[in-house]
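Colleague: I'm new to this one, so could you take me through a single part in some detail? I'd like a close look at the place where the two chains meet, seen from the chain A side.

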Amino acid sequence: MDNPVIVANHLAKIYTMGKVEVQALVDVTLKIDRGEIVSIMGPSGSGKSTLMNILGCLDLPSKGEYILDGETVSTLNDDQLASIRNRKVGFVFQSFNLLTRSTALTNVELPLRYAGITIGRKEIALEALEAVGLGPRIYHKPTELSGGQQQRVAIARALVNKPAILMADEPTGNLDSKVGHEIMDLLLNMNKERGTTLIIVTHDAEVAAQTQRVIKLRDGLVEAES
Amino acid sequence: MNFGQSLLEALESLSANKLRSSLTMLGIVIGVGAVIAMLSIGAGAQSTITGSIQGIGSNLIFVMSQRTEGVLNPKPLTVEDAQAIADPLQAPSIAQVAPTIQGSLEITFGRKSVTTSISGVTGNYDLVNNETLYEGDFISEEQIYERASVVVLGPTTAQNLFGYVDGLVGQTVRLNGQPFRVIGVLNSKGGGSFGNQDDRALVPLSTAQMRLIHRSPNDRVDSITVQAINAESVIAATDEITQILQSRHRTAVGADDFAIFTQQAILNIANTITGVLTIFLGGIAAISLLVGGIGIMNIMLVSVTERTREIGLRKALGGRKRDIIIQFLTESSMLSLMGGLIGIFLGWLISVIVGKIASASGTPFTPVVSINSILLATLFSTAVGLFFGIYPATRAANLEPVEALRSE
């Protein structure tokens, strides 16, 4: 397996809050292979959110080099980052983050719209919704859906542009354990079917146990890999 | 993102907060409505005033006394002045000369009495001023020579005095207690911008000077209306009048004791006045449009703050700055455009109502809602939406996705 989708060399991130400098990431080097399932764990303040933001191209590292799917991310500007996020990264959040005013279908169509796809957009979105098993509720708004259903819509939205990596931030954190298992199964299944690299940020040891590799962070450094 | 989709999405998010959106729109509605109403009422006033000035005839010249500083021994206008102006040898461009004096007197019939404007006029007054008679005859030269006690009534005066206007010829009314015989009733000229032209009474000039309106010297007149032979000779006629009066009054050049107004000059003055008035009213209305625009900015800023998380999400999903700016600008300009359209309707409604009130109160007046003012208001209100939307939109677009996603 020498086809890495993520290569991160000596990533560091320093936040300046007023006069105080906070070193959220000190020196992180890691490599994630295509199709791998990785979880990132660590206590709060360990830098795992910062790492996730950088790996998800939401933020740039202060130091170090980050290559995602062959593209060097660490030197891009805002709009180029937006484009990378759109094409290569799918996000699944703890609190789903769906547009409350729009239907499930419109929510899934959103990344396609930002990608500039107009022809066949609805069909692509419908296909993604079918893949996550939402069933007939595609024209319902998020408020009319259960938590599990909302997370299914969010996963469909994350996968609709066929990204290289899927970043899931506590994907089961807001769900009860039964539905949480269903969502985990769905994510693992998507990885198996589509080969999408899956990166899960979590506190939950049970979730981490289902991944192939666990990266443990502490104080901005990789503490252990297993 | 295509345009239709943006519109649809903007509509969706505006309708999510219906009360707020409509209150924001109200500011623009009132602003645009006020601009339209003011411009159309101004244009209506202008056309009414212009019309009534044009109605008095394009070849008329008005001569009045005027006290100017630096004129020694100013002399009043007299009947002799009028006769001199009427001399065809000295003033070949002049067709008719009608000197008048005016006063306000009580006129009585039986127990009913009204106060009205009395003019002492010559026999050509009806020709010069385009007066026609509803019944009876106008004052004749003979009656002027005889200083006859006869009166021609305006239709409103007749109505006020008798309660009807038919068959009044031969009745006797009293002016200042003296009996005058009614010889005619004028046709209505309609209300104009110079007061009601139908509420008045005309008597022979000689009679008025002798018995009703005392002036010193005795043959003094208040104004002389001159009719040029045609509209083209108005300027020549004005020069002739000036020369005749300057030589008769022995005034220095440039310091006349009289003033000459042509219809064109009056028209110009009236247009200037109404133009300034329209700009003034329109300007005040535009301020309310500006306030409406600030209202839009305020609400859009609130909306950006409220939707920080949504903006963060959109950026995470690949929305570029441009996409976010377009989204918010579409919302703000949609607000102002819809407000503008409703405002145009409101302004039109107001001007129609003002027109109706004006006609009901006896001043025929048609506000003109011009295509220009509609275009102006639509353009201006959309521009207001765009302009005041830019700041909130760029603020939204510049949010950091990480920060925005973290906000609650």
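Modeller: Happy to. Where chains A and B meet, 20 residues of chain A are in contact with 18 residues of chain B. On the chain A side, two elements give two or more residues each: α2 (78-88) and α3 of chain A. The largest share comes from α2(A), with six residues. As for chemistry, the chain A side divides into eight nonpolar, six polar and six charged residues.

Bear in mind that this is a predicted model. It scores ipTM 0.92 and pTM 0.72. For the partner, chain B, the mean pLDDT is 87, and 97% of its residues reach 70 or more. Among the elements of chain B, strand β5 (residues 150-153) has the highest mean pLDDT, 94, while strand β8 (residues 191-192) has the lowest, 53. Where pLDDT is low, the predicted coordinates shouldn't be read in detail.

Now back to chain A and the loop between β6 (89-92) and α3 (104-114), which is where you'll find Asn97(A). Most residues other than glycine have a negative phi. Asn97(A), though, has a positive phi of about 55 degrees without being a glycine. Asn97(A) counts as buried because it has 22 C-beta neighbours inside 10 Å, and the cut-off for buried is 20 or more.

There's another positive phi to look at in chain A: Asp219(A), also not a glycine, has a phi near 50 degrees. Asp219(A) sits in the loop between β9 (213-218) and β10 (221-225) of chain A. With 14 other C-beta atoms within 10 Å, Asp219(A) is partly exposed.

How values were computed. Residues numbered from 1 in each chain as written. Chains lettered and ligands numbered in written order. Predicted model: local features only at pLDDT ≥ 70, side-chain atom pairs only at ≥ 80, totals over all residues. pLDDT = per-residue confidence, 0-100. Helix = DSSP H or I, 4+ residues; strand = E, 2+ residues; numbered from the N terminus. Buried ≥ 20, exposed ≤ 12 C-beta atoms within 10 Å, placed from the backbone. Contact = placed C-beta atoms within 7 Å. Nonpolar A, V, L, I, M, F, W, Y, C, P; charged D, E, K, R; others polar.
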